[in-house]
Every structure is written in C-alpha cells, then in structure tokens.
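Thanks, everyone, for making the time. I would like to walk through one structure with you, starting with a helix pair and then moving to the ligand and a few backbone details.

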Amino acid sequence: MPFDPIYQRVSHVIPPAEWATMEADVQAIQELKRARRAVILAHNYQTPEIFHGVADIVGDSLALAREAVKVDADVIVLAGVHFMAETAKLLNPGKTVLIPDAKAGCSLAESITPADIALLRAAHPGVPVVAYVNTSAAVKAASDICCTSGNAKKIVESLGVPKVIMLPDEYLAQNIARETEVQIVTWAGHCEVHERFTAADILALRESHPGVTILAHPECPPEVVAVADYAGSTAEMAKFVTERQPARVALITECSMSDNIAQQNQAIEFVRPCNLCPHMKRITLKNIRSALETMQTEVLVEEQYVAPARLAVERMLAVK
Ligand code: 13P
Ligand code: SF4
C-alpha cells in the first residue's frame with residue numbers, strides 16, 4: 001500500500017489504517033467505471049478519497065459545467081450536489097447522469113422558486129435575471145443567464161445594462177456589486193456553510209497566526225471578504241495557493257478544500273478554520289460504488305425546463 005500511486009495522493013490526510021477500509025471500494029469503483037463507460041465529476045468540496053481516489057474530473061462549479069460538455073462516456077456520476085448533476089444533465093441530454101445521494105441539496109438552491117422570480121420581474125420590469133448555478137433547473141429556466149462565483153462579475157457586465165437582478169445569493173451579489181458599476185438587485189438566499197464565518201473570526205485568525213494569508217469564498221458575508229486578502233471561487237483559491245505559495249494560508253470555506261490541495265503544496269501550512277457542507281458530505285465512496293452498481297439515482301430534468309434552463313447555462317458558457 002505505501003507505493004500505491006492512488007494512496008500517495010491522499011497519504012497526508014488519510015492514515016494507512018483508514019485507507020485500508022477504503023481500498024476495496026476504490027478498486028471496485030475503478031472497475032465499474034470501465035464496465036459502465038462512466039466518468040466521475042467531483043466538486044472541490046468532495047473528501048480526498050473521492051477527489052484523489054476515484055474522480056476523473058475535479059473542479060469548481062464553472063469547470064464542472066465546462067467539462068461536462070466535453071465528456072466522452074455513457075454515464076456521468078456527479079460527486080457533488082443536486083444542482084451540479086442537473087447542470088450536467090442539461091448539457092448532456094443523451095447521457096445517463098447519476099447522483100449517489102439524491103438528497104444532496106443546497107441551501108441556496110432551496111431559497112428561491114420560479115414564482116419568486118416572477119415577482120422580482122414584476123417589481124423590476126425589463127431588468128435581466130442572472131441566476132447563480134446553485135439553483136434548480138426550474139429557476140434557471142425562469143432566468144436569462146447563469147453565473148458561478150468564478151465568472152459572476154464578467155457575466156453581469158457582459159449584459160451591457162445598468163441594472164441586473166442577481167439571485168439567490170445575497171452575499172455573492174453584494175460582493176460583486178462592490179466591484180462593478182452595474183446596479184444589482186439581490187435576493188436573501190445564503191450558503192449555510194459560508195454565512196457562518198464572521199469578520200471577528202478572521203481578525204482572531206490573524207492574531208493567532210501571524211502572517212497568515214486569508215482567502216475567502218465570495219459566498220461569505222461582505223464584511224468577511226473585506227478583511228480577507230483575496231476572494232475567489234474554489235478553483236481560483238486553489239490557483240492562488242499553488243501559484244503564490246504563501247507560507248501560511250487559511251481557506252475560509254468548506255473543510256475538504258484544504259485537504260485536497262495540501263498534498264501538492266507540502267511547503268505550505270494550512271490553518272483550518274472551516275465549515276462542513278452537510279450536503280456535499282452525503283456523497284461517499286460507498287454510495288458512488290452503489291450508484292454504479294445499481295445505476296441509481298438517475299437525474300432527470302422536467303421536459304418543460306430543459307430548453308430554457310440549458311439556454312441560460314449555454315449563454316453563460318459562451319461568455320469568454
Ligand atoms: P465554486 O466551486 O464554484 O466556487 O462553488 C462553491 C460552492 O459552494 C458550490 O457549492
Ligand atoms: Fe450549497 Fe453552500 Fe453546500 Fe455549496 S457549500 S452546496 S453553496 S450549502
């Protein structure tokens with residue numbers, strides 16, 4: 001096991017005895033992927049044994065959407081939350097898209113409905129609606145264009161209008177509003193993982209860990225982003241750390257982020273105040289294996305939403 005190349009990628013966070021309990025599932029998943037012509041797309045918040053052990057493509061929400069378009073396989077297993085699997089399905093109508101636990105939701109996606117968008121449109125006639133990808137297909141279908149945390153500013157500005165409605169993440173919208181001239185109407189949705197960080201947490205961290213570089217996800221409240229050194233999507237955080245090699249870093253986001261990038265960045269000290277996403281953590285090696293064995297749970301999008309929701313995602317992907 002010490003020379004197993006897969007184990008080498010996780011040895012910094014998974015002790016040998018724990019890996020021994022995972023090895024059989026990792027092997028089985030690799031074989032099932034070949035047999036089913038399946039690929040596993042995994043979000044950066046997946047645990048290291050999934051991220052490094054069985055995933056074929058990893059990334060932030062934007063990368064997963066971009067890569068989903070290029071996948072050459074019959075089956076996509078989305079190791080992430082439901083809206084990500086729906087986006088993969090919208091972009092791959094002819095492929096089977098599986099989610100290992102259909103209950104893997106998202107507090108942001110839960111916070112808004114198409115009826116809410118109708119009310120917003122009535123209150124702001126003619127103002128385009130930018131929907132964060134963390135929304136249901138029904139909400140995407142009622143929107144004009146999607147965005148992610150990695151391209152939100154670019155998408156808002158690409159529309160060439162003075163005012164947009166950006167939903168459902170109030171904090172992401174407020175953080176983007178500070179960077180652009182475009183006026184942004186917000187909605188009161190929040191990420192249950194990032195809303196828990198406070199500016200006081202960050203200041204205490206600076207006291208206790210002198211010299212620490214602090215990177216915050218833009219789903220954090222604006223007062224947290226204001227006292228961080230950098231704000232970006234999960235992929236942008238990983239890029240920042242890998243390229244700049246700060247001696248000490250704190251990633252103000254979900255706990256698996258630091259675990260997943262620590263191995264390639266062994267000279268860096270990762271300080272870990274982090275919060276777990278209970279939805280992301282529903283995905284396990286065991287239920288990925290079971291998804292491939294049983295071909296469950298298949299993600300389907302209601303016919304009425306397919307074309308308009310896909311258009312909103314494709315408009316986003318077309319913005320360079
Ligand atoms: P990104 O990976 O796109 O930054 O999104 C973070 C997130 O919370 C996804 O659920
Ligand atoms: Fe949703 Fe937040 Fe979990 Fe991402 S981290 S899936 S935004 S609840």
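In this predicted model, S61, L64, A65, A68 and V69 of helix 5 make contact with M84, T87, A88 and L91 of helix 6. Sorted by class, that contact comprises 7 nonpolar and 2 polar residues, with no charged ones. As for the geometry, the axes of helix 5, residues 61-70, and helix 6, residues 82-91, come within 8 Å and cross at roughly 30 degrees; since angles under 35 degrees count as roughly parallel, helix 5 and helix 6 are therefore described as roughly parallel to each other. The crossing of the two is right-handed.

Let me turn to the ligand. Among the residues around ligand 1 are S61 and M84, which also appear in the contact between helix 5 and helix 6, and the surroundings further include H43, E219 and T234. Which distances do we find there? A polar side-chain atom of H43 sits 2.6 Å from an oxygen atom of ligand 1, while for T234 a side-chain N or O atom is 2.5 Å from a ligand oxygen, and for E219 the corresponding distance is 3.3 Å.

Finally, the backbone. Most residues other than glycine have a negative phi, and most peptide bonds are trans. R37, which is not a glycine, nevertheless has a positive phi of about 50 degrees, and R37 is placed in the loop between helix 3 and strand 1. The peptide bond from L167 to P168 is cis, with omega near 0 degrees, P168 being in the loop between strand 7 and helix 11. Q296 and T297 are likewise joined by a cis peptide bond, with omega about -5 degrees, and T297 belongs to the loop between helix 16 and helix 17.

How values were computed:
Residues are numbered from 1 along each chain as its sequence is written. Chains are lettered from A and ligands numbered from 1 in the order in which they are written. This is a predicted model: local features need pLDDT of at least 70, side-chain atom pairs count only at pLDDT 80 or more; totals for chains, interfaces and linings use all residues. Side-chain values use heavy atoms; hydrogens and water are left out. Axes are lines fitted to C-alpha atoms, for helices over the stretch in contact, and angles run from 0 to 180 degrees between N-to-C directions. Helices (H or I, at least four residues) and strands (E, at least two) are DSSP runs, numbered from the N terminus. Angles under 35 degrees count as roughly parallel, over 145 as roughly antiparallel, 65 to 115 as roughly perpendicular and the rest as oblique. A crossing is left-handed if the near helix is turned anticlockwise from the far one by less than a right angle, and right-handed if clockwise. Contact means heavy atoms within 4.5 Å. Ala, Val, Leu, Ile, Met, Phe, Trp, Tyr, Cys and Pro count as nonpolar, Asp, Glu, Lys and Arg as charged, and the others, Gly among them, as polar. A residue is near a molecule or strand if one of its heavy atoms lies within 4 Å of it. A polar contact is a pair of N or O atoms within 3.5 Å; within protein, one must be able to donate a hydrogen and the other to accept it, and residues adjacent in sequence count only if both atoms are side-chain atoms.
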